[in-house]
Amino acid sequence: MFGRKTAVEPRMTWEKNNEAAVGAEIKVENVSISFPNTANGEIIEALRNVDLTIERGQFISLVGPSGCGKTTLLRAIADLQQPTSGEISVRGQNPRDVRLQKKYGIVFQSPVLYDWRSVRRNVCMPMELMGLPKKHRTKMVTEMLDLVGLLDFGSKYPKELSGGMQQRVGIARALAIRPEILLMDEPFSALDEFTKEKLNEDLLEIWSKTKTTIVFVTHNISEAVFLSDKVVVLSPHPGRVSAVVDIDLPRPRTLDIKNEAEFGALVAKVRSSFEGV
């Protein structure tokens with residue numbers, strides 16, 4: 001896909017990334033996270049004694065009420081938040097080492113695009129910071145924009161795009177460095193239902209091609225069931241794992257599956273797993 005291997009431009013293909021991604025694994029062991037309230041100095045306990053294992057190449061969703069620590073847990077996996085106690089390991093390494101090795105891709109609720117950069121240059125930015133060769137960057141940007149269906153919009157600027165298209169750019173940028181783990185913090189929550197459902201389908205298609213391990217935070221139970229291999233239900237504050245629900249719906253999935261009784265039963269099972277709500 002990227003031509004002959006040279007000393008300055010490593011050969012990177014989806015097949016090679018698949019092999020690495022299928023080898024990824026995240027272990028969260030007895031993790032608690034507390035931090036001081038900036039308003040009054042009181043200690044806020046965000047997570048308490050969380051245990052979780054995410055297997056290689058899985059699509060995992062974290063669901064729970066507001067304030068249950070979903071985003072805090074995601075940030076801890078990403079090395080953006082440190083556990084107060086307990087341990088997180090990613091393929092036997094600590095999250096900081098994995099982050100420094102550029103094995104994470106992160107997509108936030110807002111795509112955080114630079115208004116003065118075109119779509120292509122927004123997607124290219126992480127590779128520029130990594131010092132990758134220009135030829136490699138150009139090929140990767142083209143491939144990623146094609147993957148998210150924006151190949152014809154590379155010269156546009158963020159203000160010229162819809163919210164859904166901006167999120168596609170954010171996904172393309174996160175995938176451009178070939179991450180082994182993709183962390184997504186409510187990436188579609190601000191979008192209308194029609195756009196959200198279309199991006200859900202598109203995300204599953206991208207995941208089927210890349211087999212990147214995905215950890216996805218959402219408030220939407222139906223979205224979590226549609227996307228995931230497993231749904232991890234967190235309790236209200238302080239966050240604890242109430243249940244891990246296996247989603248054994250067949251793949252590939254289309255929106256029609258939401259009309260099936262089995263889908264409805266799984267949504268009800270996840271909902272009934274919530275504690276204290």
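A polar contact is a pair of N or O atoms within 3.5 Å; within protein, one must be able to donate a hydrogen and the other to accept it, and residues adjacent in sequence count only if both atoms are side-chain atoms. The model is predicted, so local features need pLDDT of at least 70 and side-chain atom pairs count only at pLDDT 80 or more, while totals for chains, interfaces and linings use all residues. Residues are numbered from 1 along each chain as its sequence is written, and side-chain values use heavy atoms, with hydrogens and water left out.

**Exercise 1. Describe the surroundings of Ser32.**

Step 1. Locate the residue: Ser32 is in strand β1, residues 26–36. Helices (H or I, at least four residues) and strands (E, at least two) are DSSP runs, numbered from the N terminus.

Step 2. Classify its exposure. Ser32 has a relative accessible area of 10%, so it is buried. Buried means under 20% relative accessible area, exposed over 50%, and partly exposed in between (1.4 Å probe, protein chains only).

Step 3. Find the polar partner. A polar atom of the Ser32 side chain lies 2.9 Å from the backbone nitrogen of Asn49.

Step 4. List the contacts (heavy atoms within 4.5 Å). With neighbours within four places in sequence left aside, Ser32 is in contact with Leu47, Arg48, Asn49, Pro83, Thr84 and Ser85.

**Exercise 2. Identify the nonpolar cores and the residues at the centre of the contact list.**

Step 1. Apply the definition: a nonpolar core is a set of buried Ala, Val, Leu, Ile, Met, Phe, Trp, Tyr and Cys residues joined through side-chain atoms within 4.5 Å.

Step 2. Take the largest core, which has 53 residues; Val225 and Val270 touch the most other members. Helix α6 (residues 163–175) gives the most to this core, with six residues.

Step 3. Examine Val225. Leaving aside neighbours within four places in sequence, its contacts are Val231, Ile247, Leu249, Arg253, Phe263, Leu266, Val267 and Val270.

Step 4. Look for a separate core. Another one, of 26 residues, lies apart and includes Leu47, Val50, Leu74 and Ile88.

**Exercise 3. Work out which part of helix α4 is buried and what covers it.**

Step 1. List the buried residues of α4: Val119, Asn122, Val123, Cys124, Met125 and Met127.

Step 2. Consider helix geometry. An α-helix has 3.6 residues a turn, so residues three or four places apart point the same way.

Step 3. Name the cover. Helices α5 (134–147) and α6 are among the elements over the buried residues of α4.

Step 4. Check the residue after the helix. Gly131 follows α4 and has a positive phi, near 75 degrees.

**Exercise 4. Trace the salt bridges and state which elements they tie together.**

Step 1. Set the criterion: a salt bridge is a side-chain nitrogen of Lys or Arg within 4 Å of a carboxyl oxygen of Asp or Glu. The structure holds 13 of them.

Step 2. Start with Asp79 and Arg96, whose side chains meet at 3.9 Å, N to O. Asp79 lies in the loop between α2 and β4 and Arg96 in helix α3, so the pair ties together parts 17 residues apart in sequence. Asp79 is buried, at 8% relative accessibility, and Arg96 is partly exposed, at 42%. Asp79, Arg96 and Arg99 are linked in a network of salt bridges.

Step 3. Note the backbone of Asp79: its phi is positive, near 70 degrees, in a residue other than glycine.

Step 4. Turn to Glu143 and Arg178, a salt bridge of 3.1 Å, N to O. Glu143 is in helix α5 and Arg178 in the loop between α6 and β6 (181–185), so parts 35 residues apart in sequence are tied together. Both Glu143 and Arg178 are buried.

Step 5. Finish with Lys258 and Glu197, which meet at 3.5 Å, N to O. Lys258 is in the loop between β9 and α9 and Glu197 in helix α7, so this pair ties together parts 61 residues apart in sequence. Lys258 is partly exposed at 22% relative accessibility, and Glu197 is partly exposed with a relative accessible area of 22%.

**Exercise 5. Find the cis peptide bond and place it.**

Step 1. Inspect omega: the peptide bond from Arg251 to Pro252 is cis, with omega near 0 degrees.

Step 2. Place the residue. Pro252 is in the loop between β9 (241–246) and α9.
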